[in-house]
Structure formats: structure tokens, C-alpha cells
Amino acid sequence: MNTNRRAEPFRYTLKEPSTFDLHILTINGIPVPPKPVSAVLIDISRSGCHLSFTLNVNIDNNLVRVGMELELAEETLYLEGTLKWNKEQDGSFHYGAQLDIPEADRDRLPRVLRRLAGEGKIMVR
């Protein structure tokens, strides 16, 4: 009998946060000119991630879609998502993003996360 009642996927905290290029794709459905912003990936799960960057994006009044080009386990992943929450901390802005992963790529992120866990580069929370 399975007694695990966890409603959401496990979160994986990177032992060394990963820097990557973040692209704000749209704000309220309106495309934004492409200009990468340096961001830091703090943790990730199959459905979302916690990231940090220096821009204050007002997500309380705006629907913000982002694209992220991540280098994890020597593999490049391009993920898109929607910013869902934010808080200011230590001079930067932290955001939670809900990931929108196409069906064709659904197995790729868990495979990369398992590889990182095997290499001891992430911790399960």
C-alpha cells in the first residue's frame, strides 16, 4: 500500500545555484522585445521553479510569461512558464514560476533531475 499522499512534485534544491539567461516573453499577452536577463535558478520541480533576478516585475497586476535556457547536467533545457509569486530578498527579487512543459518533453526534465541527484548536485526537499 502506498502511503505517500504528497499532492505536489518533489522540489530539488541546487547545491550550487545555476545562472542562466531568462527571457520575458509576454506581459499580459503582449510580446516583449527580446533581451536576456541574468537569473539564478534556486530550486526546481517537474511543475515549477524558484528563481531570482534583479528586475522588479509587478506580477500582482500582470501576467508574465518567461522563457529559460538552463544548462543542467551538461544538457541544455529550454523551459517556459508563468511567474506566480514574488518577494524581495537580499537586494534581488525572487519568483516562483509554474512551468508549461510540452507533452513531448515531459520525460526529459525528470531524467535530468535524476541524473543531477545521482551526481549529488541537488537535494530533495
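Thr-19 stands opposite Val-40, a residue of strand β3. I open with that pair, colleagues, as an entry to the sheet in this predicted model. The two strands concerned, β1 and β3, run antiparallel and are joined by 7 bridges.

Strand β3 has a second partner to consider. With β4, β3 pairs in the antiparallel sense, here over 5 bridges. One position to note is Asp-43, whose bridge partner in β4 is His-50. The connection is a hairpin, with 3 residues between β3 and β4. How many of the 8 residues of β3 are buried? The count is 6, so β3 is largely enclosed by the rest of the structure.

Let me turn to the nonpolar core. In general, nonpolar side chains in soluble globular proteins tend to be buried together. In this model, the largest nonpolar core comprises 33 residues, and those with the most contacts inside it are Leu-22, Ile-44, Leu-51, Phe-53, Met-68 and Leu-83. At least two residues of this core come from each of the strands β1 (12-27), β3 (37-44), β4 (48-53), β5 (64-72), β6 (75-89) and β7 (92-99), and likewise from the helix α1 (108-118). Leu-83 may serve as an example. Apart from neighbours within four places in sequence, Leu-83 is in contact with Phe-53, Val-57, Ile-59, Val-64, Val-66, Tyr-95, Gly-96 and Ala-97.

Next, two polar residues. Ser-52 belongs to strand β4. Is Ser-52 buried or exposed? Its relative accessible area is 9%, and because the cut-off for buried is under 20%, Ser-52 counts as buried. The side chain of Ser-52 makes a polar contact of 3.0 Å with that of Ser-92. Setting aside neighbours within four places in sequence, the residues in contact with Ser-52 are Ala-39, Val-40, Ile-42, Ser-92, Phe-93 and His-94. Val-40 is thus in this list, and Val-40 is also the residue that Thr-19 stands opposite.

His-94, for its part, lies in strand β7. With 8% relative accessibility, His-94 is likewise counted as buried. Which side chain does His-94 meet in a polar contact of 2.9 Å? The partner is His-50, the residue already named as the bridge partner of Asp-43. Beyond neighbours within four places in sequence, His-94 is in contact with Ile-42, His-50, Leu-51, Ser-52, Trp-85, Asn-86, Lys-87 and Gln-89. Ile-42 therefore appears in the contact lists of Ser-52 and of His-94, each buried, at 9% and 8% respectively.

I move now to Tyr-12, in strand β1. Tyr-12 is buried, at 18% relative accessibility. Leaving out neighbours within four places in sequence, its contacts are with Ile-42, Asp-43, Ile-44, Leu-113, Ile-122, Met-123 and Val-124. The C-alpha atoms of Tyr-12 and Cys-49 are separated by 9.0 Å, the two residues being 37 residues apart along the chain.

Finally, the largest pocket. Its volume is about 210 Å³. The elements giving two or more residues to its lining are β1 and β5. Which element gives the most to that lining? Strand β1 does, with 5 residues. The lining consists of Leu-14, Lys-15, Glu-16, Pro-17, Ser-18, Glu-71, Leu-72, Ala-73, Glu-74, Leu-116, Lys-121 and Ile-122. Of these, Ile-122 has been mentioned before, as a contact of Tyr-12.

Key: Residues are numbered from 1 along each chain as its sequence is written. This is a predicted model: local features need pLDDT of at least 70, side-chain atom pairs count only at pLDDT 80 or more; totals for chains, interfaces and linings use all residues. Side-chain values use heavy atoms; hydrogens and water are left out. A nonpolar core is a set of buried Ala, Val, Leu, Ile, Met, Phe, Trp, Tyr and Cys residues joined through side-chain atoms within 4.5 Å. Buried means under 20% relative accessible area, exposed over 50%, partly exposed in between (1.4 Å probe, protein chains only). Helices (H or I, at least four residues) and strands (E, at least two) are DSSP runs, numbered from the N terminus. Contact means heavy atoms within 4.5 Å. A polar contact is a pair of N or O atoms within 3.5 Å; within protein, one must be able to donate a hydrogen and the other to accept it, and residues adjacent in sequence count only if both atoms are side-chain atoms. Two strands pair if DSSP finds at least two bridges between them. On a 1 Å grid over the protein atoms alone, a cavity is a set of points where a 1.4 Å probe fits but cannot get out, and a pocket is an open set with protein on both sides within 12 Å along at least five of seven lines; lining residues have an atom within 4 Å of a point. Grid points are joined across faces, edges and corners, and a volume is the space filled by probe spheres set on the points.
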